[in-house]
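This note is addressed to a colleague who is meeting the structure for the first time. Please read the numbered points with the sequence and the model open alongside.

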Amino acid sequence: MTDPAAALDAQEALIAAARAVRAHAHAPYSRFAVGAAVLDEQGRIHAGCNVENAAYPQGWCAETSAIAALVAAGGRRVMAVAVCAVAAEPGTPVTPCGGCRQKIREFAADDCPIFVADEQALVATFTLGQLLPCSFGPAHLARP
Ligand code: THU
């Protein structure tokens with residue numbers, strides 16, 4: 001379970017981190033810069049941006065970068081997520097892609113909040129369960 005109060009406390013800091021790291025996105029092909037930040041179980045924030053590649057399918061998303069940073073720092077749970085991007089249609093929430101929803105799911109509970117922001121404001125808040133209902137996760141695998 002995510003602690004909703006702690007996640008809410010971190011909301012502003014998470015969005016700020018996602019906005020800041022968005023400036024470092026390597027997105028010369030799509031020109032669609034995305035920043036993401038994840039809160040770990042120790043209250044630490046890890047940020048990442050999208051990293052595109054001239055061999056297009058080799059690029060990856062901001063959320064993936066942020067999760068990699070969390071794991072590399074010894075984090076084991078994703079308690080909350082913020083994503084910052086600017087949609088072509090202003091006010092349209094830029095939610096994590098399907099693959100990133102599953103990657104978040106590896107480390108997060110259904111009630112994990114996902115804050116979607118643009119450069120100015122919070123656009124929408126979802127839970128992971130809303131974005132990825134009836135999901136497959138680690139508990140489905142039999143462990144020795
Ligand atoms: N992208 C992200 O980084 N996160 C998302 O949630 C949606 C899409 C990136 C992938 C690609 O570099 C660019 O945005 C356009 O799809």
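1. Ser135 is a convenient place to begin: this residue lies in the segment after α5, the helix that spans 128-131. The model under discussion is a predicted one. Ser135 has a relative accessible area of 15%, and since buried means under 20%, Ser135 is classed as buried. Its side chain is joined to the side chain of Arg105 by a polar contact of 2.6 Å.

2. Cys134 also belongs to the segment after α5. Is Cys134 buried or exposed? With 85% relative accessibility, Cys134 counts as exposed. The backbone of Cys134 deserves a check as well, for its phi is positive, at about 50°, although the residue is not a glycine.

3. Arg31 calls for a similar check. Its phi is positive, at about 55°, and Arg31 is not a glycine. The residue is placed in the loop between α2 and β1. Arg31 is exposed, its relative accessible area being 70%.

4. The next matter is aromatic pairing. How many aromatic pairs does the count come to? The count comes to one aromatic pair. The partners are Tyr29 and Tyr56, whose ring centres are 5.4 Å apart and whose planes make an angle of 45°, an arrangement classed as tilted. Tyr29 sits in the loop between α2 (11-22) and β1 (35-39), and Tyr56 in the loop between β2 (45-49) and α3 (62-72); the pair therefore ties together parts that are 27 residues apart in sequence.

5. The accessibility of the two tyrosines may be set out separately. Tyr29 has 39% relative accessibility and counts as partly exposed. Tyr56 has a relative accessible area of 60% and is exposed.

6. Both tyrosines reappear in the description of the largest pocket, which holds about 150 Å³ of space. Its lining consists of Tyr29, Ser30, Phe32, Val34, Asn50, Glu52, Asn53, Tyr56, Gly59, Trp60, Cys61 and Ala62. By residue class, this lining comprises seven nonpolar residues, four polar ones and one charged one.

7. The surroundings of the ligand should be read beside that lining. The residues around the ligand are Ser30, Phe32, Val34, Asn50, Glu52, Cys61, Ala62, Glu63, Thr95, Pro96 and Cys97. Among them, Glu52 is also named in the lining of the largest pocket.

8. Which oxygen distances from the ligand can be listed for Glu52, Glu63 and Thr95? For Glu52, an N or O atom of the side chain is 2.5 Å from an oxygen atom of the ligand. For Glu63, the corresponding side-chain distance to a ligand oxygen atom is 2.6 Å. For Thr95, a polar backbone atom is 3.4 Å from an oxygen atom of the ligand.

9. Glu63 merits a closing point of its own. The residue is found in helix α3. At 5% relative accessibility, with protein chains only taken into account, Glu63 counts as buried. Glu63 and Ala27 are separated by 36 residues in sequence, and their C-alpha atoms are 14 Å apart in space.

Methods. Residues are numbered from 1 along each chain as its sequence is written. This is a predicted model: local features need pLDDT of at least 70, side-chain atom pairs count only at pLDDT 80 or more; totals for chains, interfaces and linings use all residues. Side-chain values use heavy atoms; hydrogens and water are left out. On a 1 Å grid over the protein atoms alone, a cavity is a set of points where a 1.4 Å probe fits but cannot get out, and a pocket is an open set with protein on both sides within 12 Å along at least five of seven lines; lining residues have an atom within 4 Å of a point. Grid points are joined across faces, edges and corners, and a volume is the space filled by probe spheres set on the points. Ala, Val, Leu, Ile, Met, Phe, Trp, Tyr, Cys and Pro count as nonpolar, Asp, Glu, Lys and Arg as charged, and the others, Gly among them, as polar. Rings of Phe, Tyr and Trp (its six-membered ring) pair if their centres lie within 6.5 Å; planes under 30 degrees apart count as stacked, over 60 as edge-to-face and the rest as tilted. Helices (H or I, at least four residues) and strands (E, at least two) are DSSP runs, numbered from the N terminus. Buried means under 20% relative accessible area, exposed over 50%, partly exposed in between (1.4 Å probe, protein chains only). A residue is near a molecule or strand if one of its heavy atoms lies within 4 Å of it. A polar contact is a pair of N or O atoms within 3.5 Å; within protein, one must be able to donate a hydrogen and the other to accept it, and residues adjacent in sequence count only if both atoms are side-chain atoms.
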